[in-house]
Amino acid sequence: MAPGTRLAGKVAIVTGGASGFGRGIATKFVQEGANVIIADLSAEAGQALAKELQCNFTLADVTKRDCWEHLLKVAIDNFKQLDIVVNNAGITYPNKATADVTDKDFDLVMNVNVKSIYLSTNILLPYFLENKKPACFITVASTAGVRPRPRLTWYNASKAAAINATKTMAVEYGPQQIRFNSVSPVIGTTGMTHLFLGKPDTEENRKQFLSVVPLGRGSTPSDVANACCYLASEEAAFITGVNIEVDGGRCV
Ligand SMILES: NC(=O)c1ccc[n+]([C@@H]2O[C@H](COP(=O)([O-])OP(=O)(O)OC[C@H]3O[C@@H](n4cnc5c(N)ncnc54)[C@H](O)[C@@H]3O)[C@@H](O)[C@H]2O)c1
């Protein structure tokens, strides 16, 4: 699609922007004129993409408070403002029986998928409130948070928590014009897919997951990026508290 100006003049943090859906979101946001800060644990992939897109890469672990403080500083030092936060970084333990889940598995999904959202808002909301500027948070959740499948109990629960927290904050901060929305993809082909499947990511192994998608395929990075771009843009100025299922009808 031709480059546009839907996010011109905006500054956006995209977590997990080095890979998969986040890579698609960062690319789309740059194409639409935003100054993007890719925040990711993966330095190599993040730096390579930032070079390609000519945007900022900041090494970050979104489960750490000081990383969020640093990300705000990067935004202000480089661009003098921050407008959009896409909490996309996410993780799962491999598909397994719930009885076999370990404390480490549980802590991992809750820290990366939920605590990161808590920290992002805990640190960035005071900045947005002080500046009295409209702002927007987007959570990349999952159909797993709405229509859970077996054997991913705590991943599913982390995404349900992410969707619920996003809606709660939409209600709480609506009067201050800070919008909170989420986007829920169905399974796609990314760095995480083999973990959802619990086996190698092949066409054959994906069949069972895709058989319940009316449109007959998985979510692509550009499907997810297009929804995020809409939510981040002025076109969505009156949209808050929604969870857009980018899932080819899976959740119907
Ligand atoms: N792939 C799917 O099928 C699928 C389906 C629904 C929802 N999702 C969600 O989409 C989001 C993006 O995942 P993806 O599928 O693109 O996976 P991915 O593994 O390709 O990308 C995730 C990125 O997040 C980064 N990351 C992980 N932990 C981090 C941390 N603590 N701090 C900073 N960065 C971190 C990784 O380095 C990676 O670049 C996740 O929230 C995931 O739960 C994925």
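**Notes on the ligand site and the spaces in this model**

1. Searching the whole structure turns up one cavity of 30 Å³ or more. Keep in mind as you read that this is a predicted model. The largest cavity holds about 40 Å³ of space.

2. Who lines that cavity? The residues are Asn87, Asn88, Ala89, Asn113, Ser116, Ile117, Thr139, Val140, Lys159 and Ala162. Sorted by class, that lining comes to four nonpolar, five polar and one charged residues.

3. Which elements give the largest cavity at least two lining residues each? They are helix 4 (103-131), strand 5 (135-140) and helix 5. Helix 4 makes the largest contribution, with three residues.

4. Now for the pockets. The largest pocket contains about 870 Å³ of space. Its lining runs to 43 residues, and the ones closest to the pocket centre are Asn88, Ala89, Gly90, Ile91 and Met192. Two or more lining residues come from each of helix 1, strand 2 (35-40), helix 5 and helix 6 (193-197). Asn88 and Ala89 also turn up in the lining of the largest cavity, and helix 5 supplies at least two residues there as well.

5. As for the chemistry of the largest pocket, its lining has 21 nonpolar, 15 polar and seven charged residues.

6. Where does the ligand sit? You'll find the ligand in the largest pocket. A shell of 29 residues surrounds the ligand, with Ser19, Asp40, Asn88, Tyr155 and Thr190 the closest. Asn88 is worth a second look, since this residue is also listed among those closest to the centre of the largest pocket.

7. The ligand shell breaks down into 15 nonpolar, 11 polar and three charged residues. Helix 1 (20-31) and helix 5 (153-173) each put at least two residues into that shell. Both helices also give two or more residues to the lining of the largest pocket.

8. Some individual contacts to check on screen: the side chain of Ser19 has an N or O atom 2.6 Å from an oxygen atom of the ligand. Thr190 likewise places a polar side-chain atom 2.6 Å from a ligand oxygen atom. With Phe21 the backbone is involved, as one of its backbone N or O atoms lies 2.8 Å from an oxygen atom of the ligand. How much of the ligand does the protein cover? On its own the ligand has 830 Å² of accessible area, and the protein covers 93% of that.

9. Last, the second largest pocket, with about 300 Å³ of space. Of its 15 lining residues, Pro134, Ala135, Gln177, Arg179 and Ala237 are closest to the centre. By class, this lining splits into seven nonpolar, four polar and four charged residues.

Note on methods:
Residues numbered from 1 in each chain as written. Predicted model: local features only at pLDDT ≥ 70, side-chain atom pairs only at ≥ 80, totals over all residues. Heavy atoms only, no water. Near = heavy atom within 4 Å. Polar contact = N/O pair within 3.5 Å; in protein donor to acceptor, adjacent residues only side chain to side chain. Areas by Shrake-Rupley, 256 points an atom, 1.4 Å probe, with all protein chains shown as cover. 1 Å grid on protein atoms, 1.4 Å probe; cavity = no way out; pocket = protein on both sides within 12 Å on 5 of 7 lines; lining within 4 Å. Sits in = over half its atoms within 2 Å of the grid points. Helix = DSSP H or I, 4+ residues; strand = E, 2+ residues; numbered from the N terminus. Nonpolar A, V, L, I, M, F, W, Y, C, P; charged D, E, K, R; others polar. Points joined across faces, edges and corners; volume = space filled by probe spheres on them.
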